[in-house]
Amino acid sequence: MSENQERARQTTFLVVGKVLSSLSEAAVPMVLVRMLPATEVGILSAMLMIYAILAPILTANFPATLMFYLPTREAPVRRAIAGRVALVLFGLGAAAGALLFSLGMFALLAPDILRALTNNVVGGTSAVGPDGLKYLALLALMPLGDIPARMLPNLLVVEGRARTAAGIGVVKSIGTAAFLVVPIALGMDIWFVVASIALFGFAYGALVLYYLHKLYPGNKRQAVPFTTGELFRFAIPLGLTDVTSTLNAKMDQFLITLYFVAAMVAQYQMGAFRIPVVTAIAMSTGAIYTPHFTRLFAANKPLEAIETWRLSIRKVSMLVVPIALVFFVAAEETIELLFTKEYLGASNVFRAYCLLSMGRVAAFGPVLVAAGRPKLVFQAATLTLVANVVISVPLLFIVGFEGPAIGTALAFIPSVVAYCWCISRASGVPLRKTFPLTHYLKVVAVGAVAAGAAVVVKLSLPFGAALRLIAITVVVLVVFVAVGAATRLIRREDWLFVGQWFSEKLRRESGEER
């Protein structure tokens, strides 16, 4: 088999693997809402959210050290470094397990104290009260294996095993979904559900030992050429950015978990569902352009790099804005079809998330990294988190249930300003010449016309949710294209970009395996 054929085969595997992973993750909430009462859905969602926040904090992005320290070294040295990283991650996993176990035992041993702190605030069963946090005592098994296993993708990619990395990603996604859903389908108690996913996460960690042995068979042990402290000093700055981004992404859900009963937490979690294709477009486009940005900055051509970035935003907005507006108009239909009528109360939350998605037309981080200023990514992420807290917390008390979602969407505006300010500093380009605001507002204006037409159709049709969603989709896209073409906002090269985006994405997926 030729190299090109092998790369094509691995490309297919990677794409299919990512699709399967995304589908399995997206399917879980759709299944849960049909099998469990809302209170239990809220408790499970809150528990997994707590773990999703704690895991990157306690991992400190330590797996990223492999991408820096392993390449170019001999196999015995790589084995020693990988073994040291694995040992540290097993230790961090134990620390995470101890923390979760302590929280769970506190909920079991002192429920009245915790109930006074939480349930009285929300006026009912709190997802982070004793009825919810007690399950963390059992979930504590999960990080013992899950956190060490987070090194596997980087380790396998460095060792030229991207196909295997994609495969174990599929195994993790589908396995986690199966070990969560199957006990529920069998009618088991929530304790068994938690035990199931915890045991899967614990067992998944065994893959670390397996691949360390398989990748480095028979290699003699060798001393690591640097200290563990050096590894931490490298990993922590990167980890801080990850932690800040995670906190920002979960801030609104965290606020809802603190101040509303578990059943309302479940409602909000369903409304916070993100349409995968919308978020993927800007991120994938940014990743595709990153090598080009890097070359331009290295050649001392920052103006050309920023102009290329601006052009990519113009193209991406043509895809993202109309797709996001389809779901903005069809929020009720989407929620009903995905999560049943019981969760229609989350429609406005989902609508706020659609507005947020409509703004995700650019990947800011890759530009700063290409400019050699990764610290500015952390600064911008920190400013974004601060803006989110300052806006979302007051709206929680002023607006109520939808407040944090509206706040998260509004906080995206200062976030864009912060990132553009950092890009201006990194490139020397004036702030006003970073983000193409005028063009973006024109796209939004055309989208608003299309959305208005779709609202009229939506209110006029007596059909069910599925047919209304189809009708709304057709109207938004047709009107957007017609008005965009009539105003010359959409041109021939914009149509070419759509096809180019898919082909370039496939090429990049192929390139990731080396």
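## A walk through rings and helices

Let us start with a small group of rings: F179, F200 and Y204 form one aromatic cluster. Rings of Phe, Tyr and Trp (its six-membered ring) are taken as a pair if their centres lie within 6.5 Å, and a pair is stacked with planes under 30 degrees apart, edge-to-face over 60 and tilted for the rest. Before going on, please note that this is a predicted model, in which local features need pLDDT of at least 70 and side-chain atom pairs count only at pLDDT 80 or more, while totals for chains, interfaces and linings use all residues. Residues are numbered from 1 along each chain as its sequence is written, and side-chain values use heavy atoms, with hydrogens and water left out.

By the pairing rule, there are twelve aromatic pairs. One of them joins Y268 and F401 edge-to-face, with 5.6 Å from centre to centre and 90° between the planes. This pair links distant parts of the chain, 133 residues apart: Y268 belongs to helix α15 (residues 262–271), and F401 to the loop between α21 (374–398) and α22 (403–427). Helices here are DSSP runs (H or I, at least four residues), numbered from the N terminus. Are these two rings buried or exposed? Buried means under 20% relative accessible area, exposed over 50% and partly exposed in between, using a 1.4 Å probe and protein chains only. Y268 has 0% relative accessibility, so it counts as buried, and F401 is buried too, at 9%.

Another edge-to-face pair is made by F327 and F350, at 6.5 Å centre to centre and with 85° between the planes. It links helix α17 (residues 302–329), where F327 lies, to helix α19 (residues 347–359), home of F350, across 23 residues of the chain. F327 is buried at 18%, and F350 is buried at 1%.

Helix α17 deserves a longer look. Of its 28 residues, 21 are buried, so the helix is largely enclosed by the rest of the structure. The expected span of a helix is 1.5 Å times one less than its number of residues; for α17 that gives 40 Å, and the end C-alpha atoms are 39 Å apart, which agrees. There is also a kink of about 35° centred on S317, where the bend is the angle between axes fitted to the seven residues ending there and the seven starting there. S317 is in turn one of the contacts of H439, along with R314, M318 and L489, leaving aside neighbours within four places in sequence. Contact means heavy atoms within 4.5 Å. H439 itself lies in helix α23 (residues 437–460) and is buried, with a relative accessible area of 17%.

Helix α13 (residues 206–215) shows two sides. V208, Y211, L212 and L215 are buried; seen down the axis, the buried residues fall within an arc of 105°, so they line one face of the helix. That arc is taken from the directions from the helix axis to the C-beta atoms. On the other side of α13, L209 and H213 are exposed. What do the buried residues of α13 pack against? Their partners are α4 (75–109), α9 (142–149), α10 (152–158) and α11 (162–185).

Our last stop is T164, in helix α11. T164 is partly exposed, at 23% relative accessible area, and touches L156 and Y211, not counting residues up to four places away in sequence.

How values were computed:
Helix = DSSP H or I, 4+ residues; strand = E, 2+ residues; numbered from the N terminus.
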